[in-house]
Amino acid sequence: MKMTFRWYGDSDPVTLEKISQIPGMSGIVSAVYDVKPGGVWSEESISKIKTSAAEHGLEFEVVESVPVPEDIKLGSSSAAGLIDNYCENVRRLGKAGVKCICYNFMPVFDWLRSELEHKQPDGANALAYDEKTVLEMNPLKGDLSLPGWDASYTKAEMQGLLKAYEEIGEEKLWKNLETFLKAVIPVAEESGVKMAIHPDDPPWGMFGLPRIITCRDNIKRMFDMVPSVNNGLTLCTGSLGADPENDLVLMASEFCDRIHFVHLRNIKRTGYRKFEEVGHPTDCGSIDMYGIVKALVDGGFDGYVRPDHGRMIWGEKGRYGYGLYDRALGAAYITGLFEAIEKEKKI
Ligand code: DNO
């Protein structure tokens with residue numbers, strides 16, 4: 001495996017120098033942030049990330065994300081042109097040495113939480129989700145206050161999108177995903193890029209929005225739509241693990257050859273559709289981190305890994321989920337798990 005760390009570009013307070021000082025770090029996961037979803041990334045911007053990373057001894061082989069515009073997910077009349085742009089990004093990234101692209105097919109919201117600064121008993125702050133609170137904030141009722149998303153849409157835009165998705169429903173969303181994959185995966189194959197869809201976070205619908213990348217059967221359905229190894233998965237343990245029905249160890253083992261990127265993070269389930277993010281080690285939460293890494297190692301996994309959301313600890317202030325300290329602790333822990341399990345396997 002290759003250990004990586006997400007970097008949000010030059011404005012990220014977690015600098016490349018700091019990232020390079022984390023033991024075992026091979027590269028960064030980043031994106032071009034100044035182009036709107038649907039646009040084509042300039043080759044200059046792509047190669048600038050690569051050069052900056054290389055100056056710190058880091059690779060740039062994973063992109064997260066090339067966002068899929070809502071019009072592709074909705075199958076609007078502009079979808080075909082936007083898919084062409086998406087394919088062009090895949091070509092350009094492949095040419096620049098990117099090997100894996102993480103993306104998602106979540107309508108409107110990417111991740112969703114009810115609290116961004118949930119205070120934990122040890123004084124840390126973490127992201128938390130409680131469905132009861134989220135549903136009380138139903139934006140269709142005009143009560144628009146979703147942590148992390150308030151600034152992204154106007155009330156009218158949000159209502160328009162929610163209505164459009166309600167009209168298309170789940171099966172049409174599947175159809176639109178199929179159209180997208182049938183166009184993009186052949187380009188990814190030619191470009192030497194593995195596409196790795198990120199599961200829905202959390203893995204269930206809300207506000208009438210369909211969500212489809214939520215469980216083993218649906219992931220299998222998505223793989224079967226385009227049976228190519230380039231049509232793969234980002235195994236995000238915190239996203240899928242919010243649903244106790246999802247057996248992550250089984251998924252890691254069954255899907256090992258289609259998992260190209262792993263977001264290894266832990267959450268603690270505290271009730272029905274209620275969870276908070278915790279430190280990475282198994283003992284901190286509800287996810288069997290050891291079991292998942294063991295299944296990956298046993299399956300011969302050789303993709304990319306990164307620690308995911310960290311808590312804010314030691315007084316750190318920063319981008320929610322993406323501070324330095326807790327993610328660096330997570331990286332060191334995960335590197336240790338891999339080392340131990342890989343060595344044990346060789347004995
Ligand atoms: C949140 C991340 C997601 C992820 C996208 C991938 O912190 O896990 O925003 O990057 O869903 O497309």
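In the predicted model, an oxygen atom of the ligand lies 2.5 Å from an N or O atom in the side chain of E64. Two further side chains are placed in a comparable way: an N or O atom of the R6 side chain is 3.1 Å from a ligand oxygen, and for the side chain of H198 the corresponding distance to an oxygen atom of the ligand is 3.4 Å. The ligand taken alone exposes 330 Å², of which the protein buries 96%.

The residues surrounding the ligand are R6, E64, S65, C102, Y103, N104, M106, D110, W111, H198, H309 and Y322. By class, this shell comprises 5 nonpolar, 4 polar and 3 charged residues. R6, E64 and H198, whose side chains provide the distances given above, belong to the shell. Strand 4, spanning residues 100-104, contributes 3 residues, the largest share of the shell.

Turning to the strands, an open sheet is formed by 4 strands in the order 5-6-11-10, and their pairing is antiparallel. Strand 5 (115-119) and strand 10 (267-271) are the edge strands, each of them pairing on one side only. From one strand to the next, the twist averages 35°.

At the strand 5 edge, the partner is strand 6, residues 125-130, and the two strands are joined in the antiparallel sense over 3 bridges. Within this part of the sheet, E115 has A128 of strand 6 as its bridge partner. In general, the strands of a sheet pair through backbone hydrogen bonds, in either a parallel or an antiparallel arrangement.

Conventions:
Residues are numbered from 1 along each chain as its sequence is written. This is a predicted model: local features need pLDDT of at least 70, side-chain atom pairs count only at pLDDT 80 or more; totals for chains, interfaces and linings use all residues. Side-chain values use heavy atoms; hydrogens and water are left out. A residue is near a molecule or strand if one of its heavy atoms lies within 4 Å of it. A polar contact is a pair of N or O atoms within 3.5 Å; within protein, one must be able to donate a hydrogen and the other to accept it, and residues adjacent in sequence count only if both atoms are side-chain atoms. Accessible areas come from the Shrake-Rupley method with a 1.4 Å probe; for residues, only the protein chains shown count as cover. Ala, Val, Leu, Ile, Met, Phe, Trp, Tyr, Cys and Pro count as nonpolar, Asp, Glu, Lys and Arg as charged, and the others, Gly among them, as polar. Two strands pair if DSSP finds at least two bridges between them. Axes are lines fitted to C-alpha atoms, for helices over the stretch in contact, and angles run from 0 to 180 degrees between N-to-C directions.
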